[in-house]
Amino acid sequence: MARVQCIRAAVASSLACVAPLLVLAQSARDRNGSAETATPAARKLPVTADSIVDSGPVVFRDVTKEAGLAGWSHVMGAADKGLIIDTNGSGVGLIDYDNDGWLDIYLVNGSTFNALDGKETPPHAALFHNNHDGTFTDVAAKAGVTNDRWGFGVAIADYDNDGWPDIFVSNWGKNRLYHNNHDGTFTDVAEKAGVTLGNWSAGATWGDYDGDGRLDLFVSGYVHFDRKNLPYPGTPAAGLNTCEFKGVVVMCGPRGLQGEPDHLFHNNGEGTFTDVSAKAGVSDSVNRYYGITPLFVDVNGDGRPDLLVANDSTLSYLYLNRGDGTFDDVSLASGFGLNEDGREVAAMGIAAGDYLNNGRIDFAITDFSDETKLLFRNDGSGNFTEVSVPAGIGKVSIPFLGWGDGFLDYDNDGWLDLMMINGHIYPVADRADWGTSYAQRPLLFRNLRDGKFEEVPPVKGSGEAEVISGRGAAFGDLFNNGKIDVVINRLDGPPILLKNVNPDRHHWVELKLVGGPKSPRDAVGATVYLTANGMRQRRDVLSGGSYVSSNDPRPHFGLGDATDAGSAEIHWPSGRTESVRLPAVDRIFTIAEGKGIVAATCGGPSCSEAVSSAASRPATAHRP
């Protein structure tokens, strides 16, 4: 996670070195009530908590309280953050669990040792049902998805092709696979399915890697964490090392700790999975790098989902799908595994999107403070160039410690912008002169349409000016108004719902895709190219990404001032390609493989005129 200096020492003297960190953290809590809100009184606020302007365009507004989300709170470990398991936070999943056409919100929660020991009530995950009026109601208990374990990641997908989205939750301890019962409730079938594992699973992603029409599951392993052998500085679990960051004793890890292998589970089609990690070449059983966020996505345009793994403090993985059930590790040869200086970074989140509108999928990677956040330009054939500095995000992002991230067209101009959610892992950051802070504001970059980005100044009182301990984040149209909103799962506090209130009046379209008999039912793995407004945009249907989270599965396209929605070229996971003429702007069209447009909504209600208009323009298949 960080470039922590590990100093070999005797156990007794090493344990004594923990005191400075604990004293500083306790001082911050005593003065301000919590480590997150502690601010240095004797020095100017660093850029990570400041550089907020008094006026300007507001893109996001914090509507957490009015939406009904503020009553739930994330909890993870001890307040002093003395162990690595206290620090990482959890993800967010956007899911229309009841198929009413509105996105609901699943928030993963952490836990504490006391809760696991039965000494206090376990923190529960939240499933916020969308009430269609701007408010949400937590129905997690009724739905049976509270996950009373120490939770980290979430991946949403319809793994059994029954038309209802399911929820996979990665935990320290056994994982959960919540099967959707079609009645507002779920059943945990992880044991039967064979995907529980048992130590620290960080993130997950769904994808049909072998083209059989069923979604397979990849789970990243992070650190092997043993409750009976806790990795405090100077202990055997930490290799008898004293762990320091910039001369201050901090918690140990992940460097110096034992890692966990990764797992690829093949979907057998009858409710069970088979671990094929070693056979497929993606187990990481030798290196045991610290896997965080994985993502299935077609990198080289051959119609097969490839696999990315953002690894913490080690080389990140890019596996190209060979099409025979195995993958080729091109992490180094592709240029994806390291930064532009050829160094490993503490990679956390993955944003995937075609920010250049050239038909190729690019990636943004969040990482530790004192590291530029990475922007990988896809040069074709699975090769990448790291361009964060010339693109304008490198220098700005250095002081921030990044987690969730996403490409989003926040102003609907047809060009993907970029957002990063931030927050430090060491509470002592508020006391040390590091030029950073524990709680941090997000970073929002506007696409300048020439390969470069510029930071959108955070306006006082806006969502961009929220100073929080951000972790997981999911991006999607929560209000069905064609604007992309953001849900943030912050560490040890209530979530943040940032509603997109950008004043643009640009047009847009969104697509809900339904796969045919040879594709996953929810069309995960599909790629859509929209030709409209004089440009060709690409969007992908993905499960996973950001920081151990799941975004809106509906491809969203900004159209600028154009009133012609253009044509969508859909590359289905089955290999079938179809063109569909979209009859109107500002609509959410449901498109079924082989059938064309079968439904449409505009701001919620049915748009019957759009459906009838589309009936005369059925989908055109380019190849079987």
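The legends below accompany an overall view and several close-up views of a predicted model of one protein chain.

**Figure 1. The whole protein chain, with its 10 helices and 40 strands.** The radius of gyration of the chain is 23 Å, close to the 25 Å that the globule rule gives for 624 residues, so the chain is as compact as a globular protein of that length. Measured out along its principal axes, the C-alpha trace spans about 80 × 55 × 50 Å. Of the 624 residues, 62% count as buried, while the chain as a whole exposes about 20,900 Å², and carbon and sulfur atoms supply 50% of that area. Among contacts between residues at least 6 apart in sequence, 62% join residues that are at least 24 apart. The side chains include 53 that are positive and 79 that are negative, and the centres of these two sets lie 2 Å apart.

**Figure 2. Close-up of the disulfide formed by C243 and C252.** A disulfide is a covalent bond between the sulfur atoms of two cysteines. In this model the count comes to one disulfide, and the sulfur atoms of C243 and C252 are 2.0 Å apart. The link of C243 and C252 is right-handed, with 100° about the S-S bond. Both cysteines, C243 as well as C252, are buried.

**Figure 3. Close-up of the cis peptide bond from G253 to P254.** Most residues other than glycine have a negative phi, and most peptide bonds are trans. The bond from G253 to P254, however, is cis, and its omega is near 0°. P254 is found in the loop that runs between β14 (248–249) and β15 (263–267).

**Figure 4. Close-up of two loop residues, H182 and R449, that have a positive phi.** H182 is not a glycine, although its phi is positive at about 75°, and this residue is found in the loop between β9 (176–180) and β10 (186–188). With a relative accessible area of 38%, H182 is partly exposed. R449, which is likewise a residue other than glycine, has a phi near 70°, and it lies in the loop between β27 (443–447) and β28 (453–455). The relative accessible area of R449 is 48%, and R449 is therefore partly exposed, under the 50% above which a residue would count as exposed.

**Figure 5. Close-up of H571 and its surroundings in strand β36.** H571 belongs to strand β36, which covers residues 567–571, and at 25% relative accessibility H571 counts as partly exposed. When its neighbours within four places in sequence are left aside, H571 is in contact with A526, T527, Y529, R576 and T577. Another residue to look for in this view is A523, which is 48 residues from H571 along the chain, with 9.8 Å separating the C-alpha atoms of H571 and A523.

**Figure 6. Close-up of T436 in the loop between β26 and β27.** The strand that comes before this loop, β26, covers 417–422. T436 has 3% relative accessibility, and because buried means under 20%, T436 counts as buried. This view also takes in D50, since T436 and D50 are 386 residues apart in sequence and 10.0 Å apart in space, C-alpha to C-alpha.

Conventions:
Residues are numbered from 1 along each chain as its sequence is written. Side-chain values use heavy atoms; hydrogens and water are left out. Helices (H or I, at least four residues) and strands (E, at least two) are DSSP runs, numbered from the N terminus. The radius of gyration is taken over C-alpha atoms; the globule rule is 2.2 Å times the number of residues to the power 0.38. Buried means under 20% relative accessible area, exposed over 50%, partly exposed in between (1.4 Å probe, protein chains only). Contact means heavy atoms within 4.5 Å. Accessible areas come from the Shrake-Rupley method with a 1.4 Å probe; for residues, only the protein chains shown count as cover. Lys and Arg count as positive and Asp and Glu as negative; His and the chain ends are not counted. The place of a charge is taken as NZ of Lys, CZ of Arg, CG of Asp or CD of Glu. A disulfide is a pair of cysteine sulfur atoms within 2.5 Å.
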